[in-house]
Amino acid sequence: MGLSPLEQWELSLKTALDSIDALLENKYGPFLVRKASRPAAGKASNPKYDGVFGIDSKFTLGYASGSGPGYIIELLTGSATPLPSVMKAEILEDLEKMLPEVLATSFPGRELKVERIGERFRLTGDLGF
């Protein structure tokens, strides 16, 4: 039994976000100390649970925002100490640049919009499911 269109979409989105997680781990991970409870990057079965970063997405119907259905994307940190504010701002800027590029590659031909809302991102558009 194959995956439904929704399951395929979710798997492709997770794969895209995991690739961004790996890029952020490579760039910033060496400068941060991860929590003792988190394995090193690449050691858990889900990148959301290892290293110093995780990128999570949650579906939203978008009623309150008025932007319609989409996903809220959030950067999770597993650092043992708070991120310096300058570094956190730089990481979020990198994430803001990476998201549209990686999503365009993962979902070719779809018109997707990524909007930053504080420290989170809203993904809307042609979700195709």
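Leaving aside its neighbours within four places in sequence, which residues is Thr124 in contact with?

## Thr124 in strand β4

In this predicted model, Thr124 is found in strand β4, and, once the neighbours within four places in sequence are left aside, its contacts are Ser67, Gly68, Pro69, Gly70, Glu111, Leu112 and Lys113. Thr124 has a relative accessible area of 10%, and because buried means under 20%, this residue counts as buried.

## Helix α2

Helix α2 comprises 22 residues, running from 85 to 106, and at 1.5 Å a residue it should span 32 Å; the C-alpha atoms at its ends lie 31 Å apart, which agrees with that expectation. The helix nevertheless carries a kink of about 30° at Met98, shortly before the proline Pro100.

Met98 is also one of the buried residues of α2, which include Met87, Ile91, Leu92, Asp94 and Leu95 as well as Leu99, Val102 and Leu103. The packing partners of these buried residues are α1 (5-28) together with the strands β1 (53-60), β2 (70-77), β3 (112-117) and β4 (120-125); the last of these strands, β4, is where Thr124 is found.

## A nonpolar patch at the surface

Strand β1, against which buried residues of α2 pack, is also the place of Phe59. Phe59 has a relative accessible area of 40%, and because partly exposed covers the range between the buried limit of 20% and the exposed limit of 50%, this residue is classed as partly exposed. Together with Leu61 and Tyr63, Phe59 makes a nonpolar surface patch of about 380 Å².

How values were computed. Residues numbered from 1 in each chain as written. Predicted model: local features only at pLDDT ≥ 70, side-chain atom pairs only at ≥ 80, totals over all residues. Heavy atoms only, no water. Helix = DSSP H or I, 4+ residues; strand = E, 2+ residues; numbered from the N terminus. Expected span 1.5 Å × (residues − 1). Bend = angle between axes of the 7 residues up to and from the residue. Buried < 20%, exposed > 50% of the residue type's maximum accessible area, 1.4 Å probe, protein only. Contact = heavy atoms within 4.5 Å. Patch = residues over 30% accessible without salt bridge, like charges linked within 9 Å, V, L, I, M, F, W, Y side chains within 5 Å. Areas by Shrake-Rupley, 256 points an atom, 1.4 Å probe, with all protein chains shown as cover. Salt bridge = Lys/Arg side-chain N within 4 Å of Asp/Glu carboxyl O.
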